[in-house]
Amino acid sequence: MNTSRTLMKKQNSDEAALKKYTMILPLLDENLDPASAHELRISIAEKNDISERTVRRYVSTYRKKGFDGLKPAERTYYSKDNKPENYDELLEDAIQLRREVPRRSVEQIILILESEGKVAPGVLKRSTMQRHLFNAGFGASHMDVYSDARKSSSKRFCKPHRMMLIQGDIKYGPKLPIGKNGAMVQTYLSSAIDDHSRFILASEFYDNQEERIVEDTFRKAILKYGRFDKCYFDNGSQYVAKQLKLSLARLSIQIAFAPLRSGKSKGKIEKFHQVVDDFIAEAKAKKICTLDELNHYWKIFLEEYYHNKAHEGIREYYRSLNVSVPDEGISPLQEFNRDTRQLVYMDAGVVGEAFMYHESRKVDKGACISFQGRRYETKPKLIGKTVEIAYDPAAPEIITISSEGLESFQAKPLKIGEYCDQRQSLPPQMKAAEPETSRFLDALEKQHEETKKRRADAISFGAYRREV
């Protein structure tokens, strides 16, 4: 039995060495220049899923020790007789050291134990300590998992009522021939899903992935279903944009962001995106060619299929609470409609104002402002003043102008007609006043009379002195 085991061990060792040798064989060419050798090492490392440093070490070992140097090192295990008597205590200390600083290497742990006088230098072997730490669940790979878990909790969550938390995300849609001369354009699906019921509040395909598509999605969701408590986004540029934060803040809606590189924390909408994949496959089979057509069938898909189909996530949620679920299950639409929490609808004007963009412009001498390459007429009394404009990015041709002491009004794009528009009157201070006379000439005439009088008096007094 021992002979057979030894023979098998030798065969495995030879096979491992042969695998390494075959791997590094191209690097043993003495005519390779350093640059070529470096590129070759990188290629070999990527192909075999190991580091370049490991490849370099294999080559170095082979050149020093030959083929036998590539064989796995013999492992020596402690027996009950040669292990330190306090090895169990040392292992507990090692685990504690690894827990304190997960990135501590085994060599560092052994050094600490030796420096603290808990074990004599050279008694603990790195390979043995590494094996025991791994078996105890504190190997390097384990610590990476624990670290990820601390950064992004793997525990699942579900809000107890609708409209408490809304998740938002963007997904790539199908390409459509809607570009210039029929060029294929990538589409994007922006969606908002209720965390509790998995009901889709708003979802639409767009021909771009700018931040305004997210704003449009949430504006439509709020207009249709009312205000919600909080929304949950990833850290995409569309969701961290200042305007979206400002718009939701105006409606007293909180924003929370998922931790970086934590897809699991947005599991509900990620699961929903798997359903979107089914629709995209059907859309391709349907040979949809326009964005309107794509959204038409997407709306039908949501209302007739997704919202009315029993959702396994809802069943799982209630089972975790020991609540019975009908055999046919519960659909997102049923769960959303049967919730006891009342919807809080909002005035359309308030919602519209919250999602407005605001900028400032100076009114020129023609009582106009410039905006997005166009000129808009304001009021003559605003000439020279700086006004605030508000506009909807989906319809930027309509802008509202506000100024202190003046009621807000909508400005219209400037139209240059055949004649000047005389309908608007200038403010009183700018109107021309029709004079009854020339006050300047009158003043000069008065001054002239006074001058003549002074001259006459001077002549009369002079004559008087001569007579005396």
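Helix axes are taken here as lines fitted to C-alpha atoms over the stretch in contact, with angles computed between N-to-C directions from 0 to 180 degrees. In this predicted model, the axes of helix H4 (residues 87-100) and helix H6 (residues 126-135) approach to within 10 Å and cross at roughly 75°. Because angles of 65 to 115 degrees count as roughly perpendicular, H4 is roughly perpendicular to H6. On the H4 side, the contact is made by Tyr87, Leu91, Ala94, Ile95 and Arg98; H6 contributes Thr128, Met129, His132 and Leu133. Sorted by character, the residues of this contact comprise 6 nonpolar, 2 polar and 1 charged.

A sheet offers another feature to follow in the structure. It is open and built from 6 strands, in the order E6-E9-E10-E11-E8-E7, with antiparallel pairing. Strand E6 (357-362) and strand E7 (368-371) are the edge strands, each pairing on one side only. On average, neighbouring strands of this sheet are turned by 35° against each other, direction ignored. Within the sheet, strand E10 (residues 395-403) and strand E11 (residues 406-413) run antiparallel and are joined by 4 bridges. Thr400 stands opposite Gln410 in E11.

Turning to a loop, His307 is found between helix H11 (291-306) and helix H12 (312-320). His307 has a relative accessibility of 7% and therefore counts as buried, the cut-off being under 20%. Apart from neighbours within four places in sequence, His307 is in contact with Phe199, Ile200, Leu302, Ser331, Pro332 and Leu333.

Terms used:
Residues numbered from 1 in each chain as written. Predicted model: local features only at pLDDT ≥ 70, side-chain atom pairs only at ≥ 80, totals over all residues. Heavy atoms only, no water. Pairing = 2+ DSSP bridges. Helix = DSSP H or I, 4+ residues; strand = E, 2+ residues; numbered from the N terminus. Buried < 20%, exposed > 50% of the residue type's maximum accessible area, 1.4 Å probe, protein only. Contact = heavy atoms within 4.5 Å. Parallel < 35°, antiparallel > 145°, perpendicular 65-115°, else oblique. Nonpolar A, V, L, I, M, F, W, Y, C, P; charged D, E, K, R; others polar.
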